[in-house]
Structure formats: C-alpha cells, structure tokens
Number of protein chains: 2
Amino acid sequence: MGRRDDHAAQRILEHWQSEFPEDRLAHLVRDAARVLAKSLQVRLAEYSVSFGHWSFLRVLWYSEGLTQRELSEQVGLMEPTTFTALKAMEAKGLIERRHQDGNRKNLHIYLTDKGRALKDELIPIAEELNEVAVRGLSEEERRIMHRGLLAIIQNLFEAGAVS
Amino acid sequence: MGRRDDHAAQRILEHWQSEFPEDRLAHLVRDAARVLAKSLQVRLAEYSVSFGHWSFLRVLWYSEGLTQRELSEQVGLMEPTTFTALKAMEAKGLIERRHQDGNRKNLHIYLTDKGRALKDELIPIAEELNEVAVRGLSEEERRIMHRGLLAIIQNLFEAGAVS
DNA sequence: ATTTTTAAGTTAGTTTGCTAAGTAAATTGT
DNA sequence: ACAATTTACTTAGCAAACTAACTTAAAAAT
C-alpha cells in the first residue's frame, strides 16, 4: 500500500478519535461496511463479478431453484433490486430464470455451469478477506461483535425504528 | 410495530442463524449499517433532512468555515458526493458557500441560521436512536464493538484491501 | 363459475455513493 | 516572470439500493 493510502487510512482512523458522540457507532458501522464492501468489490472485479451479484451467488450456491421473491428474502434485498440484479446475471450467463410446474408466474432461479463454477474461485477469496478483516481480534471479541451487531438490528426493529 | 415488521425482523434475524460462513461478518455489518441508516432516515425525514445532509450538518455544527475538500475529508466521502450534497443544501437554504481572503478557488462552507437552528432539534434524535440501538449491551461490549470495528477498518487498509 | 383478493414479477423514478476526466486557480521551481 | 505542477472544484456517467405504482397470474370467496 502506497503513501497515499496510508494517509487515507490514517485520516479515517483519526476521524474516530474526534467529536460527534451522538452517532459515533452508527457512522463507525457504516464506515466498516463501506470498507468491507469495497475490499470485496476490488477482489471480485478480477472475475468480473460485481458486489451485487456476489450476494446472490452465495445464496444460490447453497440452494438453487428458489423463486425471485424467495431469493430476495434470503439475500435481504427488495424485489426490484433482485429483479435488476438477476436480469443482469442472466445476461452475463451466470443464471437461468425458469418457469416450473406449469406455473406461469413464479420464476425459479438456477445457476448455469459458469455460475456454479465460480463457487470454488470466489469462496476462498471471501474467506480470506474475512480472515484479514478480523485479524487480531480474539474469538471472544468476534463473538461479542457478532452478538452486538445482531442486537443492534433487533433493537431497531423492536423499537419500530425501521418503517 | 405491526405484524408485518415483526415478520421482517424475524426474517432478518433467522437469516443469521443460517449458512454462509465465508463472509457472515461482512454481511452482518452491512445489514446493521443499513438498518441504522434507515432508522435515522425515517426520523430525519420529519424535518426534511436527508441522511446525506445530516452527515454534513453534524460536522458543520462543530466547525464552520471548512472548505469543500476539508469537509469531504471530515465526513469521509468523496468530493463529487460532497459537491452534490452541498449544492443541494445550499439550494435548501441550510448552508452558504463563500470565497474568502481573495482566494477565488477555495469555497468555505457556513451554516445559515436555518441550518444552525436544526442542531438542537436533530442531535437529540440521533442520540436517542443511538441509545436505542445499543440497548442491552454492556459498557464492555460497546467498547469491544467500537474497537473491533476500528480494527476491521484498519486491517483492511493495512492489507491494501482498499484500492 | 365468477368475482375478488392476494402475490410475483416488472417498470419508473429517486437517493446516495462512486470513478474518471475536465477546468481553472494557486503554488512551486527555474 | 514564466512554465510546470498541484490542488479545488465541477461535470458526466455509472452502480446499488430504495419506494411507489402497474400488470398479470394464481388462489380464495361467494
């Protein structure tokens, strides 16, 4: 990493010693999410897989044949997002969208060989990145972060904070 | 919160008992960030302040007169993003962009009275939301999450993971 | 059996962020 | 003092997400 990036890293870190008590955690979570996403994006780009597509591939590798709606729910995105992503993935030859059992409405999603083959290439990348990200954190700390993030999500839902 | 939301909450939580070891943390961080952002957005909307504008306001409340570039760095966003947000905020009468000291290049950003007045209304909202989010987590756990998130950001920068 | 309701997919338009490339002012080097 | 470089802002265009509203198929109710 060059001097420019060291500088960027330092800036983003210094940033967090500073003021703004009122929503420090929210911004910190957001920054971490951005850095994580960006990192994965950079690595996936070598395989011409976008970050958006990755989210669907990782679900499909575990369970093909879901409908678009079911996929939406599994992935945690809204349907129009899913729709757009899947159309693009179909155009790139990663998946097929098929009607089934005489039902002319539901579309079931299947991987192509090409899409399926990416699994063995991309999973190690994600695993390695994950490992790098939490390097230096103890098992205990990792568990607490996991539980803590879940708690935040749950708290906000329970408080009716999210629509 | 209605039944529909309970359902949504449960789905998002069940989601995290499931497979996908390879980047569970990354997705969890991302989901938490989305829920946090969404929650704040909903609350800010009552004041016609968008989430994007909030990020700048909170910095400006602590230090007016920064240039656009300096603001970008403080907020942690790229300059074009800053530019667009500030133009919109100027149009809404929240800030002014002014040349200074005979320098025809740098633009310094100042709050209008309207922008300044929002501070007392919005800061409590953010504080309250933050409190709700981490409800049930001990001081110790909060500290670990804070350190852990910082560590993730730092690790990824150090690994050259981010461009 | 027909109507009504619900569900799945789609389209349109918005928001928030990005990168890459352009322009013009200010600074530095000769 | 002038040329070259760097810096600050701007423009253009793209990506990933969203909400709201539409269409049509399937399921439920009368």
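These legends walk you through close-up views of a predicted model of protein chains with DNA. Residues are numbered from 1 along each chain as its sequence is written, while chains are lettered from A in the order in which they are written. Local features need pLDDT of at least 70, side-chain atom pairs count only at pLDDT 80 or more, and totals for chains, interfaces and linings use all residues; side-chain values use heavy atoms, with hydrogens and water left out.

**View 1. The protein surface near DNA strand D.** Here 24 residues surround the strand, and Arg104(A), Arg69(B), Phe83(B), Arg97(B) and Lys105(B) come nearest; a residue is near a strand if one of its heavy atoms lies within 4 Å of it. Of the strand D atoms within 4 Å of the protein, 71% belong to sugar and phosphate. By class, this surface has nine charged, eight polar and seven nonpolar residues (Asp, Glu, Lys and Arg count as charged; Ala, Val, Leu, Ile, Met, Phe, Trp, Tyr, Cys and Pro as nonpolar; the others, Gly among them, as polar).

**View 2. Polar contacts to DNA strand D.** A polar contact here is a pair of N or O atoms within 3.5 Å. Look for Lys105(A), where a side-chain N or O atom is 3.0 Å from a base nitrogen of strand D. Arg69(B) uses a backbone N or O atom, 2.7 Å from a phosphate oxygen of strand D.

**View 3. Polar contacts to DNA strand C.** A polar backbone atom of Leu107(A) is 2.7 Å from a phosphate oxygen of this strand. From chain B, Thr81(B) places a polar side-chain atom 2.8 Å from a phosphate oxygen of strand C, and a backbone N or O atom of Arg104(B) lies 2.6 Å from a phosphate oxygen of strand C.

**View 4. The largest cavity.** A cavity is a set of points, on a 1 Å grid over the protein atoms alone, where a 1.4 Å probe fits but cannot get out, and its lining residues have an atom within 4 Å of a point. This one holds about 60 Å³ of space, the volume being the space filled by probe spheres set on the points, with grid points joined across faces, edges and corners. Among its lining residues are Phe51(A), Leu129(A), His27(B) and Arg30(B). Helix 2 of chain A gives the largest share, four residues; helices (H or I, at least four residues) are DSSP runs, numbered from the N terminus.

**View 5. The second largest cavity.** Its volume is about 50 Å³, and its lining includes Asp23(A), Ala26(A) and Asn130(B). Helix 6 of chain B gives the most to this lining, with three residues.

Terms used: Polar contact = N/O pair within 3.5 Å; in protein donor to acceptor, adjacent residues only side chain to side chain. 1 Å grid on protein atoms, 1.4 Å probe; cavity = no way out; pocket = protein on both sides within 12 Å on 5 of 7 lines; lining within 4 Å. Helix = DSSP H or I, 4+ residues; strand = E, 2+ residues; numbered from the N terminus.
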